[in-house]
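Some questions on a predicted model follow, each with a short answer. Please look over the sequence and the structure before reading on.

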Amino acid sequence: MKRSTLYYLFALAGLIITWIFNAQYLIQGGSVEPAAFFGAAMLTPLTTAITLDVYWSAIVFSIWMLTDAKEKAIPLRWLYIVVCFCIGLAIALPLYLGVREQRKEKARSGTSMSGLTTPV
């Protein structure tokens with residue numbers, strides 16, 4: 001299995017696994033209004049630690065990804081930040097890594113992203 005495919009599967013799993021619980025939260029009357037959302041996310045010391053850990057990691061990922069994507073000419077860099085903070089880091093990180101790896105695989109096979117062969 002290609003590494004990019006594995007990353008895409010991780011992104012899909014991240015979407016399913018996290019949104020099962022997000023859906024439960026919303027069905028039970030939870031809100032995405034910031035005060036209510038962060039109040040629930042930081043209800044106990046444990047949930048506060050997990051929330052801060054994830055958001056700190058999302059910030060670090062965003063900074064690294066913007067630089068990395070610019071260096072590697074990966075388009076739609078801001079889309080990954082939107083996905084990260086609106087859907088989840090568990091989706092954005094493996095999705096970005098999948099795109100990054102897919103570009104590397106295409107380069108190794110001698111084709112550009114447009115399908116044209118590249119000189120060796």
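Q: Which helix do the buried residues of H1 pack against?
A: In this predicted model, H1 covers residues 3–27. Ser4, Ala11 and Gly14 are buried in H1. The buried residues of this helix pack against H5.

Q: At which residue does H1 bend?
A: H1 has 25 residues and reaches 36 Å from its first C-alpha to its last, close to the 36 Å expected. Even with that span, the helix bends by about 30°, and the place of the bend is tryptophan 19.

Q: Which helix supplies the largest share of the largest nonpolar core?
A: The largest nonpolar core has 14 residues, and Phe61, Met65, Ile74, Tyr80, Cys84 and Tyr96 have the most contacts inside it. Helix H3 (45–71), helix H4 (77–86) and helix H5 (89–108) each supply at least two residues of this core. The largest share is 5 residues, and the helix they come from is H5.

Q: Is isoleucine 87 buried, partly exposed or exposed?
A: Isoleucine 87 sits in the loop between H4 and H5. Leaving out residues up to four places away in sequence, isoleucine 87 touches Leu15, Trp19 and Val82. Its relative accessible area is 36%. Buried needs under 20% and exposed over 50%, so isoleucine 87 is partly exposed.

Q: What separates the C-alpha atoms of isoleucine 87 and aspartate 53?
A: Along the chain, isoleucine 87 and aspartate 53 are 34 residues apart. In space, the separation of their C-alpha atoms is 16 Å.

Conventions: Residues numbered from 1 in each chain as written. Predicted model: local features only at pLDDT ≥ 70, side-chain atom pairs only at ≥ 80, totals over all residues. Heavy atoms only, no water. Core = buried A, V, L, I, M, F, W, Y, C linked by side-chain atoms within 4.5 Å. Buried < 20%, exposed > 50% of the residue type's maximum accessible area, 1.4 Å probe, protein only. Helix = DSSP H or I, 4+ residues; strand = E, 2+ residues; numbered from the N terminus. Expected span 1.5 Å × (residues − 1). Bend = angle between axes of the 7 residues up to and from the residue. Contact = heavy atoms within 4.5 Å.
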